[in-house]
Amino acid sequence: MFKKNKEKKENKPEHKHSVKHTKEEIKDLEKRASSRYQKVRSFFKETYNKRIMYMYIVCAIGVTFLIEVLARGSLIKGLYYVISSPYIFLVNALIVLMTLSITLLMRRRFFGLALISLIWIIFGISNCILMANRVTPFTAVDLMLIDSAFDVLDKYFDIWQIVLIIVALVAAIAGIVYMCFKAPKVNHKIQYVRNIAAILIIWAIGFGSIQLGLGSGLIPRQFGNLRDSYTSYGFVYCFTNSLVNTGVKKPKNYSEEAIRDLLNGKEYTKAKQKPNIIFLQLESFFDLKKVKNIKLSKDPVPTFTKLKKKFPSGYLNVPVVGAGTVNTEFEIMTGMNMDDFGPGEYPFKTIINKKSCESIAFNLKPYGYAAHAIHNNTATFYGRNKVFANLGYDTFTSIENMDEVEETQNEWAKDKCLTKYIMDTLKSTKKKDYIYTISVQGHGAYPSEDMGSNIKVKGIEDEGLKNQYEYYATQTNEMDEFVDQLTKKLNKFKEKIILIMYGDHLPSLGITGNNLVNNNVYQTEYVIWSNYKTKYDNEDIEAYQLEAKILKNLHITEGEINKYSQLHRKDKDQKKYLDGLHKLEYDQLYGKNLANNGKNPYKPTNLHFGLSDVSVSSINPMHNDVGTIYIYGGNFTPYSKVYVNDEKLDTIYIDRNTLIVKYLDLKQGDSFVVKQQNSDTHILSETKPYVYAAEETNARKVNEKATKTKKKKHKKK
C-alpha cells in the first residue's frame, strides 16, 4: 500500500507536466496564434482597405435610411425609427449590404454599387407613392402587376406627373448606361477566392442577424397588416420577405391520414333549394356613418342602411385595406384563408393563374349551375382573363363587352350599367345561374379638388381631404342607388334569387381603426338579400367563410374546403379549425391532392368573353365617300377594333351593330376581322375572318336600286 502511494506521488509531477506547458511552449503557441491572426488580417487587408469597407457599410446604411424617410414622409420620423428600433434598422441595412456585396466580383465596382442602390431607392420611391395613393405598401408581387398598373396610371396621376415619371426613368436609365461605360474599373486583379469568402461572411452575418431577430421575436416571419408591418419592421425586410415567402407552406403533419381525418366522411347531398346565386362585390364600398367625428349632410347609403335592418347582415372580415380587391375576391371564391399565404401575395398572380382549384363555381356545377363573372373594368386587370377559367367560370362579361357605359369624373365606369348585364345573364340560360359581379365605381384615387359633390362633409379641417371624402360620398351614394334599382329588378324576376352584397375593402382615405366605431379597418359590411324567405342569421364572419355560410343553408356540400368550413367554422377550437384549413389549402395548391386520390378534379373551363359572340355580317364601302367602309354585325362595343389582312385600323364605334373604318385600298379577297381588346397585347376574342367579295357589293347595289324603283312606282300609283 505504501509502495502504491509512493508510486502515485512519484507519478504526480509527471502528470502535471503533461497538462501544463513550459514558458517556451506558451510563447510558441502565442506566436502561432499571432501568425494566424496576421494571416487572416492580411487576407482581407491586401484586398480590402478600410475605405472600401466603410464605403459599402455607409452606402447600405444611407440607402436604408433614405428608404425609411421616404416611407414615413419625414426626416424626423426616419431618425426616430433608427433610434427607437436600432436592431431592426441594422437588419434592414444588412440585407441591403448583402445585395451590394456581390459587386465585389465586378471590375466596375462603383457602377454595380450605384445600380443596386438605385434599384433599392426606386423600390423605396414606389413604396412611398403607393402608400400615399392606395394605402398598402409596395410588395414583390407588385412587380407582376406592372401591366395592370399602366392601365390605371392615368387614374392616379395627372399627365404632367406621368411625364415627370417617364423623364425620371429615362434619366435614370441614361445614367446607368453612362456609368456602365464610364465608371472606373478596379486597378488590380480581382482575387475571386478572397472576395467570395468576404461575400459569404457578409451573407452569414446577415442571415444570422435575421434568424436571431426571428428567434427573439423582434421581427416576424409572417405578418398580416402590411402597412403597420412595413412601418414597424422596415421596408427592406418586409419587401424581401414578400419576395421569398410566397405560397402556402407545407404543414408539419401533412399526410394522407391527416387529410382523411379532416374530410370526415365526405358525402354528396341533394340540394334542398337551388336559387340563382349572385355575389355583388362593391368596390371600396363603405358606410361613412361608421367614421367618428364627421357629419354628413345626408345618408350616402340609405338603401344599404335599410337592407341591413331588413335582411341578414353583419361585418365581413377582409384581408386587405385600401386596395387589393382580388384577395377578398380570392377568399370568397375559394374559401381559402389569405393568412396562410406570403405577406402581400396575390394568389391570382402567383398560383391561380397556372393552376385550377376548388371554387364556388366548381362546387355549384354538380348541382346544374352555370357560372358567370361580370366586371365593369378591363378583363386583364389582375389577370382575371386567365384566372377565371381556372376557377370554373363559363362566361366573363367585362367592360370590353359592354356598351353605353357612363364614367365618373375620375374615369371609372359607373356601376348602374351592371344591372342590365346581371339581368341579361339570368335570362341567358335555362339553368340556375351563379353570378359573381365585381363593381368598380368606388375605386380611388379620389380627387382632392372640389368636384361639386352633392353630399357635404363637416369635421375635416384639411380642404383636400374634405374634398376627397365628399367625392367618395357621392360615388357611394350612386352605388347605393344602383343597389336599389338592382334589387327592384330582381324582386320582379320569376325565379328565386339570393344576392350577397359587400364591400371588398375600405377606401384609401387614410382611415385608421381609431377613426371607426368598430375600431377595425379590416371590416366591411355585407347583406344577404333575397326575393323569398331564407333562414340566414346575423353574424360577423370571415370573408373565406362566406361561401360555406351561403351554401350550407341550401344543403350544397360539394368541395372539400366548402364542406370542412360548413362543419367546423364555428368550432370552439379555432386553432384546430384553421390548421385543418391550412392542410386542405396546401393539399390542393402545392401538395399531392390526397383529398382526391392524387388527381386534381378541377379542370379549367373554356372561358367565353361576353354572353354572345361578336360577329361580322357584311362589309359596305361608301361610294360617295371614298375609303369609308361600314362594317355591320352584332355585339360590337367601343373596344371593337377592325383588322384588314391582319393590319389594325382606326375604328369608329357607332352602335352594337355598326363600325366605321377608313381603308382606301379595298379589293376583292380582303379579310376583315373584329377583335375585342383593351390594348394591342390584350386581345380577348375575335370574329371569324370575313372575306370581302366585290360581287356582293354590286348585288347589294342592284337590290338597293330595284327597291328604290319599286318605291317610286308605288308612290306614283
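Which residue in β9 is the bridge partner of M501? This tour of a predicted model begins at strand β8 and reaches that pair in its third stop.

**First stop: strand β8.** Please select residues 497–503, which form strand β8. The strand is mostly covered, with seven of its seven residues buried. Its side chains may be viewed as two sets: I497, L499, M501 and G503 point one way, while I498, I500 and Y502 point the other way. Both sets are buried.

**Second stop: strand β1.** Add residues 276–282, strand β1, to the selection. Strands β1 and β8 pair in the parallel sense, over seven bridges. To locate one of the paired positions, display I278 together with its bridge partner in β8, L499.

**Third stop: strand β9.** Next, select residues 523–530, strand β9. Here the pairing with β8 is antiparallel and runs over five bridges. Display M501 and V527: V527 is the bridge partner in β9 of M501, which resolves the opening question.

**Fourth stop: helices α13 and α19.** Now select residues 302–310 for helix α13 and residues 463–492 for helix α19. Two packed helices are described by the angle between their axes and by the distance between those axes. In this pair, the axes come within 7 Å and cross at roughly 55°; α13 is therefore oblique to α19.

To inspect the contact itself, show the side chains of P302, T303, F304 and L307 in α13. They meet N477, D480, V483, D484 and T487 in α19. By class, this contact of α13 with α19 comprises four nonpolar, three polar and two charged residues.

Technical notes
Residues are numbered from 1 along each chain as its sequence is written. This is a predicted model: local features need pLDDT of at least 70, side-chain atom pairs count only at pLDDT 80 or more; totals for chains, interfaces and linings use all residues. Side-chain values use heavy atoms; hydrogens and water are left out. Axes are lines fitted to C-alpha atoms, for helices over the stretch in contact, and angles run from 0 to 180 degrees between N-to-C directions. Helices (H or I, at least four residues) and strands (E, at least two) are DSSP runs, numbered from the N terminus. Angles under 35 degrees count as roughly parallel, over 145 as roughly antiparallel, 65 to 115 as roughly perpendicular and the rest as oblique. Contact means heavy atoms within 4.5 Å. Ala, Val, Leu, Ile, Met, Phe, Trp, Tyr, Cys and Pro count as nonpolar, Asp, Glu, Lys and Arg as charged, and the others, Gly among them, as polar. Buried means under 20% relative accessible area, exposed over 50%, partly exposed in between (1.4 Å probe, protein chains only). Two strands pair if DSSP finds at least two bridges between them.
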